[in-house]
Amino acid sequence: MSIINATSARDNFYKLMEETVMTHEPTFITGKNGNVVMLSEEDYKAMEETLYLVSIPGMEKKIVDGINTPLEETVEDDE
């Protein structure tokens, strides 16, 4: 995680973008009227997907149950 002021962020914008994409760490940019967070597109989409999945009633339990199911107890798909 890095914290940088808006002036430095502007001066180093492309470098910040590359670092954020490569490290998968958010960059916090502080400004006079508020702050923003820079995320890679991949990380943002992963967050959106996680929020969507946990918004479905019962989905969180199904995911945890699936993770805890031994592989030998699963059914192979014939596709």
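How many aromatic pairs does the count come to? The legends below take up that question and then visit other parts of this predicted model.

**Figure 1. The aromatic pair of Phe-13 and Tyr-14.** The count comes to one aromatic pair. Its partners are Phe-13 and Tyr-14, whose rings meet edge-to-face. A pair of aromatic rings is described by the distance of the centres and the angle of the planes. For Phe-13 and Tyr-14, the centres are 5.8 Å apart and the planes make an angle of 75°. That angle counts as edge-to-face because it is over 60 degrees. As for the surroundings, Phe-13 is partly exposed at 38% relative accessibility, while Tyr-14 is exposed, with a relative accessible area of 64%.

**Figure 2. Ala-9 in helix α1.** Here we look at helix α1, which covers residues 6-11 and includes Ala-9. Is Ala-9 buried or exposed? With a relative accessibility of 4%, Ala-9 is buried, because the value falls under 20%. Setting aside neighbours within four places in sequence, the contacts of Ala-9 are Ile-4, Leu-16 and Ile-29. Tyr-44 offers a longer view across the model: 35 residues separate it from Ala-9 in sequence, and 20 Å separate the two C-alpha atoms in space.

**Figure 3. Met-47 in helix α3.** Met-47 belongs to helix α3, which spans residues 41-55. Its relative accessibility is 42%, so Met-47 counts as partly exposed. Ser-2 lies 45 residues away along the chain, and its C-alpha atom is 19 Å from that of Met-47.

**Figure 4. The chain that frames the close-ups.** To place the views above, it helps to step back for a moment. Four helices and three strands make up the secondary structure of the chain, and along the sequence they follow the pattern β-α-α-β-β-α-α. The C-alpha atoms fill a box of roughly 55 × 25 × 20 Å along the principal axes. The radius of gyration is 19 Å, whereas a compact globule of 79 residues would have one near 12 Å. Of those 79 residues, 10% count as buried. Among contacts with a separation of 6 or more, 33% join residues 24 or more positions apart.

**Figure 5. Surface and charge.** The chain exposes about 6900 Å², and carbon and sulfur atoms supply 57% of that area. How many positive and negative side chains does the chain have? There are 6 positive and 17 negative ones, and the centres of the two sets lie 15 Å apart.

How values were computed: Residues are numbered from 1 along each chain as its sequence is written. This is a predicted model: local features need pLDDT of at least 70, side-chain atom pairs count only at pLDDT 80 or more; totals for chains, interfaces and linings use all residues. Side-chain values use heavy atoms; hydrogens and water are left out. Rings of Phe, Tyr and Trp (its six-membered ring) pair if their centres lie within 6.5 Å; planes under 30 degrees apart count as stacked, over 60 as edge-to-face and the rest as tilted. Buried means under 20% relative accessible area, exposed over 50%, partly exposed in between (1.4 Å probe, protein chains only). Helices (H or I, at least four residues) and strands (E, at least two) are DSSP runs, numbered from the N terminus. The radius of gyration is taken over C-alpha atoms; the globule rule is 2.2 Å times the number of residues to the power 0.38. Contact means heavy atoms within 4.5 Å. Accessible areas come from the Shrake-Rupley method with a 1.4 Å probe; for residues, only the protein chains shown count as cover. Lys and Arg count as positive and Asp and Glu as negative; His and the chain ends are not counted. The place of a charge is taken as NZ of Lys, CZ of Arg, CG of Asp or CD of Glu.
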